[in-house]
Amino acid sequence: MRYRMIAFVATMAFAASTGIAVAENVKIGFISTYSGPTAAQGDQLDKGVKLFMKLNGDKLPQGVTTQLLVRDDGGANPDNAKRIAQELIVRDKVQFLTGLVWTPNGASIAPLAGEAKVPFISMNAAGVAIPYTSDYFARVSFTMWQSCYPLGQWAAKKFKRVFVVVSDFAPGHEAEQAFSKGFKDGGGEIVGSIHAPMATTDFAPYMQRVKDAKPDALFAFNPAGKQATGQMKAYGDLGLDKAGIKYIGPGDLTTDEELQSMGDVALGVTTVHHYSAAADRPANKAYVAAYKKEYGANLWPGFMSVGAWDAMQLIYDAINATKGKVEPQAVMDFIRHYKNPNSPRGPIAIDPETRDIIQNEYLREVRKVDGHLANVELETVGTMVKDPWKQFNPKKK
Ligand code: PHB
């Protein structure tokens with residue numbers, strides 16, 4: 001035993017002096033949604049993570065391996081998510097926490113990860129204020145302000161009266177606030193607002209109220225997945241398109257993995273977002289091809305799968321930068337200055353001040369391309385956009 005200890009210490013000393021990594025197994029706690037009415041969103045995270053690991057699993061320092069500890073949060077349930085994260089931190093001793101479709105879950109975990117000094121990378125959970133609650137939180141997804149504020153500014157030049165329907169949880173409220181600020185500052189009027197339960201798939205009663213109000217446009221946010229398809233169908237079934245009510249919102253409304261199930265009623269729907277599967281950037285073409293090869297020729301990756309892919313790239317880059325030692329402070333120093341010029345969505349970076357994502361925002365319209373529906377990018381409405389909410393609401397020191 002004593003000899004083994006001496007040998008181990010000697011190996012460590014040699015490794016430290018030469019910079020060669022010793023065998024390390026980096027544990028990554030991955031929390032997603034595999035059950036319940038919002039499992040489709042969690043499946044996108046799962047697909048992005050597994051594809052990344054299959055194609056890049058060997059791109060680590062010599063002797064370093066990763067171990068993914070997969071957990072199901074069952075949907076937006078902050079108490080459940082907190083219990084799972086606590087177990088991953090205390091019992092399993094993970095060195096990274098990641099995943100998280102849902103803001104309520106991410107918000108409940110962030111302070112915990114901060115106290116335990118475990119770097120926590122959000123693949124999706126978008127609530128604007130989460131980074132303010134933990135120095136060990138960083139985000140590679142988006143905030144609702146990044147897409148909905150420029151959309152509001154754009155809409156003010158096109159429409160006078162807009163009706164708002166958003167999911168009744170933090171990202172929905174934030175989407176409404178961001179859109180309304182951009183739209184009202186530009187002279188537009190919000191003529192009605194509905195907060196629909198977040199797991200709603202029957203949107204018919206809400207769409208009837210919108211139709212009766214005769215607005216120029218409906219601004220909506222739903223949490224992608226089956227909810228997006230449900231709302232699109234109700235928009236068509238109740239004839240809002242035929243009544244000339246334009247459908248606009250963030251890209252969650254026309255998320256690429258659901259788009260083909262929405263049908264032609266989606267044609268002309270206009271959104272602002274950071275990712276489209278139809279984008280012709282080489283990194284995106286490669287991503288879409290790899291996704292189709294792995295999961296099926298008729299499937300398209302959605303923005304949540306790209307959030308997962310990019311988060312894994314960041315984690316792998318951090319492991320490489322620290323030669324597998326992943327000391328929390330060193331990892332966060334690395335993440336704070338992170339840049340990836342080659343994400344499928346275009347260039348991305350982490351804002352060193354807030355640890356939030358910086359990325360381009362594109363104005364898109366659903367069109368038919370080669371016989372399938374596609375979010376065609378028309379214009380870059382913002383280049384390397386920082387979260388506007390944090391610019392309006394800097395953290396008090
Ligand atoms: C979130 O909970 O932050 C969230 C979920 C689904 C979305 C967007 C944001 O489509």
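These notebook entries record what I looked up in the structure, one topic at a time.

**Entry 1: the model**

I began by noting that this is a predicted model, and I kept that in mind for every entry below.

**Entry 2: helix α5**

I looked up helix α5, which runs over residues 144–156 and so has 13 residues by the DSSP runs used to define helices. From its first C-alpha to its last it reaches 18 Å, close to the 18 Å expected at 1.5 Å a residue. I then asked myself how many of the residues of α5 are buried. Twelve of the 13 are, so the helix is largely enclosed by the rest of the structure. Buried here means under 20% relative accessible area. I wrote down the buried residues by name, among them M144, W145, Y149, L151 and W154; P150 and G152 belong to the buried residues as well.

**Entry 3: the ligand**

Next I turned to the residues around the ligand, of which there are 15, and I noted that T103, A126, F169, P223 and D252 come nearest. I wanted to know which contacts involve an oxygen atom of the ligand, and I recorded these one by one. A polar side-chain atom of T103 lies 2.5 Å from an oxygen atom of the ligand. For D252, an N or O atom in the side chain is 2.5 Å from an oxygen atom of the ligand. V101 takes part through its backbone, where a polar atom is 3.4 Å from an oxygen atom of the ligand.

**Entry 4: the cavity**

I searched for enclosed space and found that the structure holds one cavity of 30 Å³ or more. About 100 Å³ of space lies in the largest cavity, and of the 15 residues that line it, V101, N124, F169, P171 and F221 are the closest to its centre. I had already met V101 as a backbone partner of the ligand, and F169 among the residues that come nearest to the ligand. What is the lining of the largest cavity made of, by residue type? I counted twelve nonpolar residues, two polar and one charged.

**Entry 5: two pockets**

I went on to the pockets, and noted that the largest pocket has about 320 Å³ of space. Its lining has 16 residues, and those closest to its centre are Y132, E353, T354, P394 and K395. By type, I found four nonpolar, two polar and ten charged residues in this lining.

The second largest pocket has about 200 Å³ of space, and of its 15 lining residues A277, A278, A279, W300 and H372 are the closest to its centre. Two or more residues of the lining come from each of α9 (256–262), α10 (282–295) and β14 (372–385), and I noted that β14 gives the largest share, four residues. By type, this lining divides into nine nonpolar, four polar and two charged residues.

**Entry 6: two residues with positive phi**

I reminded myself that most residues other than glycine have a negative phi. I then looked up two residues with a positive value. K214 has a phi near 50° and is not a glycine, and I placed it in the loop between α7 (204–213) and β8 (217–221). V326, also not a glycine, has a positive phi of about 40°, and it lies in the loop between α11 (303–321) and α12 (328–336).

Are these two residues buried or exposed? K214 has 63% relative accessibility, and because exposed means over 50%, it counts as exposed. V326, in contrast, has a relative accessible area of 5% and is buried.

**Entry 7: residues far apart in the chain**

Finally I looked up three buried residues together with partners elsewhere in the sequence.

L373 lies in strand β14 and counts as buried at 5% relative accessibility. Its C-alpha atom is separated by 6.0 Å from that of Q260, although the two residues are 113 residues apart along the chain.

D387 lies in the loop between β14 and α13 (388–392), and at 4% relative accessibility it counts as buried. I found D387 and I357 to be 7.6 Å apart in space, C-alpha to C-alpha, and 30 residues apart in sequence.

M312 is found in helix α11 and is buried, at 0% relative accessibility. M312 and V140 are 172 residues apart in sequence, and I noted that they are 9.8 Å apart in space, C-alpha to C-alpha.

Technical notes:
Residues are numbered from 1 along each chain as its sequence is written. This is a predicted model: local features need pLDDT of at least 70, side-chain atom pairs count only at pLDDT 80 or more; totals for chains, interfaces and linings use all residues. Side-chain values use heavy atoms; hydrogens and water are left out. The expected span of a helix is 1.5 Å times one less than its number of residues. Buried means under 20% relative accessible area, exposed over 50%, partly exposed in between (1.4 Å probe, protein chains only). On a 1 Å grid over the protein atoms alone, a cavity is a set of points where a 1.4 Å probe fits but cannot get out, and a pocket is an open set with protein on both sides within 12 Å along at least five of seven lines; lining residues have an atom within 4 Å of a point. Grid points are joined across faces, edges and corners, and a volume is the space filled by probe spheres set on the points. Ala, Val, Leu, Ile, Met, Phe, Trp, Tyr, Cys and Pro count as nonpolar, Asp, Glu, Lys and Arg as charged, and the others, Gly among them, as polar. A residue is near a molecule or strand if one of its heavy atoms lies within 4 Å of it. A polar contact is a pair of N or O atoms within 3.5 Å; within protein, one must be able to donate a hydrogen and the other to accept it, and residues adjacent in sequence count only if both atoms are side-chain atoms.
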